[in-house]
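Thanks for sending this one over. Here are my notes, set out as numbered points so that you can check each against the coordinates.

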Amino acid sequence: MGDGPPSLWEWIGRNWDTGRAGSIKDLLIDHLTMSLVPILFALIVALPLGLACVRWRWLYQPASGLMNVVYALPSLPVFMLLISVTGLSQTTVIIPLAFYGVAVLLPAVVGGLDSVPDHVRQSAVAMGFSPLRRLLAVELPIAVPVVLAGLRVVAVSSISLVSVGALIGQGGLGGLFTRAYQNPFMPPVIVGIVLIVLLALIADGLLVLAQRVLTPWVRVRKGAAS
Amino acid sequence: MITFDAVTKRFPDGTVAVDDLTMEAPTGEITVLVGPSGCGKTTSLRMINRMIDASEGQILLDGVPVQSIDPPTLRRGIGYVIQQAGLFPHRKIVDNIATVPYLLGWDRKKARDRAMELLERVGLDPALAGRYPFQLSGGQQQRVGVARALAADPPVLLMDEPFSAVDPVVRTSLQEELLRLQGELNKTIVFVTHDIDEAIKLGDRVAVLRVGGRLAQLAAPKTLLSEPSDDFVREFLGHDRGIRRLQFVSTEGLRLRTDLTVRQDGGGSSEEPWRLVVDEQGGPVGWISWSRPDELEPFGTFLYGRDSMRSALDAALLSPSGCSVAVDDEGKVVGVATREALDEALAEAADG
């Protein structure tokens with residue numbers, strides 16, 4: 001007795017916080033780090049890059065083309081390439097994810113700034129806004145809904161993609177899947193999938209909430225249209 | 001006063017938008033720039049607040065060249081209204097109106113109080129203050145646009161086809177509102193439009209521009225209609241400029257007959273073919289004729305001394321009697337202008 005495979009809940013209870021590397025709690029924290037850092041990085045890079053692309057239009061095609069090529073690179077060879085520099089570390093996972101994030105966010109930032117109606121920009125100029133103040137007080141706020149829509153895609157895909165890092169032993173919750181190769185034991189797989197989906201849903205929910213707080217004028221618009 | 005001194009605008013591709021323009025927009029008056037598309041009217045307007053810089057010549061604002069003033073500073077002192085209002089979608093109406101006061105560093109409360117005052121001044125419900133622009137109709141948005149332009153009380157107002165995106169009924173009310181506001185505020189207004197009727201209605205002076213940015217004629221609307229300088233202006237004014245000129249002829253001296261009115265309770269025979277029935281308050285009810293004494297026929301009225309000859313003539317055409325009814329502010333009948341009286345006035349207008 002007691003030699004059969006443990007039930008799902010028993011397994012979770014036993015592995016949640018073992019104090020050793022590889023506990024579910026540790027994997028969860030790793031997963032969060034490796035998905036959130038790329039999102040932040042993507043935002044920090046894509047915002048100024050997007051602004052530059054709007055200011056100097058000729059920059060946009062090469063920049064977005066380059067980012068799309070990076071986006072198209074399969075992650076496995078990218079990992080292999082990076083291992084020689086950054087080793088089997090979290091950084092090796094974070095770097096490609098950050099670039100993927102920029103690839104999605106750059107068009108969102110440019111699209112958001114393009115969504116500022118020309119007559120609004122013109123009237124801001126005519127009212128006597130300086131270029132910087134116009135950007136901060138008029139153009140960026142109006143771009144927020146489009147940028148946030150892009151950020152939602154980046155957040156969810158980043159959280160999901162981290163698990164690929166398991167191939168180099170840095171997959172966060174993705175690590176739970178590789179064990180199933182060696183041993184057809186389902187609880188880790190179920191826990192991995194459920195936690196990743198939960199994380200994605202929570203991140204998406206927070207961004208939706210942020211959108212409501214930051215852009216009340218969009219929410220009201222939807223209400224008025226219905 | 002705004003002075004254009006031999007101003008030319010040549011774009012990098014070689015197009016000349018404005019060609020050697022010299023004119024003045026006097027203080028406290030509405031100067032309208034009108035012309036077909038490509039005549040440089042909007043370019044001329046935008047050179048005043050330096051949204052476009054002139055290639056040659058200079059523009060003076062009360063004697064000071066605008067080139068010598070830093071653009072944001074210059075623009076904060078000049079109200080600007082554009083076609084689609086250009087309101088900020090992410091700001092509430094009150095904050096939209098207070099835009100320039102905020103830029104000038106006014107205290108927030110003072111700026112908002114001023115915005116509320118202007119909201120009422122342009123004829124809008126103060127309850128709209130907390131709304132966002134998309135929740136307002138096109139006409140309301142345009143009024144907010146005017147309020148925003150007036151917020152910091154600039155002496156100069158530039159208006160770039162502000163009323164051309166709204167329907168005709170709203171446009172008429174906005175035009176009247178502007179004239180009423182101007183009566184109170186006496187701003188120096190430069191108004192751009194492609195609509196000659198709007199130009200004639202609003203302008204103290206109208207500058208007609210031709211394609212290529214050359215000034216064809218600058219004159220008071222009445223002069224423009226009676227003495228167009230050349231075929232281009234004549235054609236641009238359209239076919240019925242004789243009729244339109246009547247809107248500048250007052251009905252003040254129009255001869256009225258007071259013996260054609262009868263009370264509602266009837267009676268009072270007369271030799272006249274038509275008699276006007278009035279009610280107890282003295283308001284017009286309808287015309288009756290000899291042939292059909294039981295039927296009231298429609299009538300048309302004009303405000304005596306206030307409305308133009310064009311309105312008086314229009315009122316006459318609305319009634320089978322051929323006469324128009326002169327009323328006062330309270331709608332009481334002052335008298336009747338018969339065809340003979342209208343004829344006399346028209347003959348006088350044609351002479352003068």
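The points below go through the annotations, chain B, the contact between the chains, some single residues and the helix packing.

1. Please keep in mind throughout that this is a predicted model. Two domain annotations come from UniProt, both from unreviewed entries. For chain A, the record places "domain: ABC transmembrane type-1" at residues 28-207. For chain B, it places "domain: ABC transporter" at residues 2-236.

2. The annotated spans can be described directly from the model. Residues 28-207 of chain A are 82% helix and 0% strand, and the C-alpha atoms at the two ends of this span are 20 Å apart. Residues 2-236 of chain B are 37% helix and 26% strand, with 25 Å between the end C-alpha atoms.

3. Now for chain B as a whole. Its secondary structure consists of 13 helices and 16 strands. Along the principal axes, the C-alpha atoms of chain B fill a box of roughly 75 × 50 × 30 Å. Chain B has 352 residues, and 41% of them are buried. If you take the contacts in chain B between residues at least 6 apart in sequence, 61% join residues at least 24 apart.

4. Where do the chains meet? The contact takes 18 residues from chain A and 19 residues from chain B. On the chain B side, the elements giving two or more residues are helix 2 (71-76), strand 6 (78-82) and helix 4 (99-103). By type, the residues on this side of chain B are ten nonpolar, seven polar and two charged.

5. Thr31(B) is a good place to look at contacts over a long sequence separation. This residue sits in strand 3 (residues 30-34) of chain B. Thr31(B) counts as buried because it has 22 C-beta neighbours inside 10 Å, where the cut-off is 20 or more. Ile189(B) is 158 residues away along the chain, yet its C-alpha atom is 6.1 Å from that of Thr31(B). Beyond neighbours within four places in sequence, the contacts of Thr31(B) include Ala25(B), Ile189(B), Val190(B) and Asp204(B).

6. Two backbone angles deserve your attention. Most residues other than glycine have a negative phi. Arg50(B), not a glycine, has a positive phi of about 65 degrees. It lies in the loop between helix 1 (41-48) and strand 4 (56-61) of chain B. Is Arg50(B) buried or exposed? Arg50(B) is buried, with 20 other C-beta atoms within 10 Å.

7. The other such residue to look at is Asp153(B), where phi is positive and near 55 degrees. Asp153(B) is found in the loop between helix 6 (138-150) and strand 7 (156-160) of chain B. With 13 C-beta neighbours inside 10 Å, Asp153(B) counts as partly exposed.

8. Turning to chain A, helix 8 (residues 175-182) packs on helix 9 (residues 187-214) at an angle of about 155 degrees, and their axes are 8 Å apart. The two helices are therefore roughly antiparallel, as angles over 145 degrees count as such. Their crossing is left-handed. Helix 8 of chain A contributes Leu176(A), Phe177(A), Arg179(A) and Ala180(A), while helix 9 of chain A contributes Pro188(A), Val189(A), Val191(A) and Gly192(A). Six of these residues are nonpolar, one is polar and one is charged.

9. Helix 9 of chain A also packs against helix 7 (residues 131-161) of chain A, where the axes come within 9 Å and cross at roughly 170 degrees. This pair, too, is roughly antiparallel. Among the residues in contact are Leu148(A), Leu151(A) and Arg152(A) from helix 7 of chain A, and Leu199(A), Asp204(A) and Leu207(A) from helix 9 of chain A. The residues of this contact divide into 14 nonpolar, two polar and two charged.

10. One last residue in chain A: Thr86(A), in helix 4 (residues 75-86). Thr86(A) is partly exposed, with 15 other C-beta atoms within 10 Å. Leaving out residues up to four places away in sequence, Thr86(A) touches Thr91(A) and Thr92(A). How far apart in space are Thr86(A) and Arg121(A)? Their C-alpha atoms are 45 Å apart, with a separation of 35 residues in sequence.

Notes
Residues numbered from 1 in each chain as written. Chains lettered and ligands numbered in written order. Predicted model: local features only at pLDDT ≥ 70, side-chain atom pairs only at ≥ 80, totals over all residues. UniProt positions renumbered as here; feature names shortened; annotations may be inferred. Helix = DSSP H or I, 4+ residues; strand = E, 2+ residues; numbered from the N terminus. Contact = placed C-beta atoms within 7 Å. Nonpolar A, V, L, I, M, F, W, Y, C, P; charged D, E, K, R; others polar. Buried ≥ 20, exposed ≤ 12 C-beta atoms within 10 Å, placed from the backbone. Axes fitted to C-alpha atoms, helices over the stretch in contact; angles between N-to-C directions. Parallel < 35°, antiparallel > 145°, perpendicular 65-115°, else oblique. Left-handed = near helix turned anticlockwise from the far one by under 90°.
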